[in-house]
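Student: Before I rely on labels such as "buried" or "core", I would like to see how each one is justified. Could we go through them one at a time?

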Amino acid sequence: MSITRNPGLRIAALTTLALVSACDRAQGPTTKGGRGDAAEATAAHVRRPIEDRPLAAWRRDLLEIAFRGVSALPLDPHIKDRSEYQQDVVRACLELEQPVLARTWIEEVRDWRAGLLWADYASYCAERGDRDEAGRALALADRISTDPDRDPNPQKWRRDRVRAAIARTWLLLGERDRAHPWMEDLEKSELGAVSRLEADKLPDERYDAYLAMLDEVLATQDFERVQAALLACTRLHDRFFDDAARRQATEERVMTACAKLPFQIRLDLIEVLAETSVDHGDKARAKAMLDQVADLMGKVKFLPQDYVEVRAHLARLRQRARAREQARHDLEVAMAMYEQERARIFDILRADALRPVAEAWHALGDRAKALETYRRAVEEGVLNPNSRPRAEDLSKTCLSLAVNEVEPDAALRARLVEICEGLGHPW
């Protein structure tokens with residue numbers, strides 16, 4: 001995973017309540033008590049203990065440096081940034097299966113995001129079959145999300161983000177009736193994760209009805225609803241990849257409909273299809289789609305930092321599709337652009353451009369270039385005299401190293417610790 005880029009998560013405002021309701025109609029009624037197919041699937045899972053999995057000491061050290069650095073930000077006036085950066089670290093802990101560590105650090109998040117993180121933790125527990133622990137975490141999420149001390153300037157989207165996360169967990173537990181009250185009157189942009197899960201849980205026999213419903217949505221040309229339908233198509237493309245007819249049907253809908261959408265959304269959707277093709281071992285299909293992405297890139301003018309990031313991500317996907325020479329070329333082009341346009345990139349954005357390049361070099365198996373690029377990112381991240389952006393870049397780099405399993409050498413690790421310990425005024 002790339003900390004800095006995840007196409008499926010970067011597509012904004014991907015669904016509406018109407019789409020979720022239509023999904024309900026396509027799936028048909030649940031069983032009495034709200035526990036349908038999903039509940040049976042959850043019950044079939046062997047319950048796994050909620051405990052930290054074995055993790056290399058150096059990776060855990062990087063998580064601790066990241067959390068310590070961002071937690072140094074003073075609550076006043078930086079509580080918003082502090083909590084957002086802490087959220088990234090906690091989510092990395094869950095990705096690396098460190099739930100106990102995540103739970104400990106959620107306690108240190110002081111604003112409404114603690115409620116969102118308890119809901120994330122609840123989903124982690126639900127996926128592992130621990131209904132009791134998930135329920136306790138959901139109760140905490142709900143309580144914190146309505147605590148005025150946690151959100152003195154309440155905004156509906158914040159509360160709705162927690163509600164959507166709670167709904168997602170109940171769906172994971174197979175409790176559709178308990179999920180739906182949490183979805184009522186949500187902001188459109190907060191239902192994306194719920195709709196993705198609905199598509200993932202679609203029973204095979206409901207496929208045709210669901211696809212017909214998506215076609216109705218695509219015909220509306222409603223911007224947000226069309227995006228939602230296309231993302232649902234990418235989920236179906238993954239689920240039914242081995243069924244050639246269904247795979248082709250969802251692929252065609254995405255490729256045809258997304259031609260009318262803004263470039264970045266088109267790019268993200270095609271990348272999702274390509275990544276799914278790689279995951280299923282169809283490298284030829286993935287290569288063809290990635291060539292389309294490269295062609296699209298040549299038709300759009302990027303900000304230099306965005307171009308570097310997108311090109312690096314393209315290289316990483318090419319590597320997975322076994323197009324190694326093209327991947328190396330992409331990275332060389334990305335770095336040439338960075339060197340040429342560096343002066344135009346604001347200092348607090350430079351490390352964000354370099355980290356995906358480092359991750360891609362690592363994916364290609366070139367440890368020397370990966371570490372060289374990480375070092376460059378670290379030094380670019382401390383050019384700004386203020387500690388707030390320094391702490392953010394330090395945390396992102398530590399998380400990138402830990403999640404992508406790139407062990408820093410002694411010099412790089414010492415530098416990360418030095419930067420962490422040197423954080424202070426001015427913020």
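Tutor: The questions below take up cysteines, burial and nonpolar cores in this model, which is predicted.

Student: How do you know that Cys 398 and Cys 420 do not form a bond?

Tutor: The sulfur of Cys 398 is 7.6 Å from that of Cys 420, the closest cysteine sulfur, whereas a disulfide requires the two sulfur atoms to lie within 2.5 Å, so this pair is too far for a bond. A search of the whole structure likewise finds 0 disulfides.

Student: Why is Cys 398 called buried?

Tutor: Its relative accessible area is 0%, and buried means under 20%, so Cys 398 qualifies. Cys 258, with a value of 2%, is buried by that criterion as well.

Student: What makes Val 90 a buried residue, and which residues does Val 90 touch?

Tutor: Val 90, found in helix 5 (residues 75–95), has a relative accessible area of 0%, which falls under the 20% limit, and is therefore buried. Not counting residues up to four places away in sequence, Val 90 touches Ala 102, Trp 105, Ile 106 and Leu 117.

Student: Which residues of the largest nonpolar core touch the most other members?

Tutor: Of its 70 residues, these are Leu 63, Trp 105, Tyr 121, Ile 166, Leu 394 and Leu 416. The largest share of this core, 10 residues, comes from helix 7 (residues 113–127). Apart from this core lies another, of 41 residues, among them Leu 218, Cys 233, Phe 240 and Leu 314.

Key
Residues are numbered from 1 along each chain as its sequence is written. This is a predicted model: local features need pLDDT of at least 70, side-chain atom pairs count only at pLDDT 80 or more; totals for chains, interfaces and linings use all residues. Side-chain values use heavy atoms; hydrogens and water are left out. Buried means under 20% relative accessible area, exposed over 50%, partly exposed in between (1.4 Å probe, protein chains only). Helices (H or I, at least four residues) and strands (E, at least two) are DSSP runs, numbered from the N terminus. Contact means heavy atoms within 4.5 Å. A nonpolar core is a set of buried Ala, Val, Leu, Ile, Met, Phe, Trp, Tyr and Cys residues joined through side-chain atoms within 4.5 Å.
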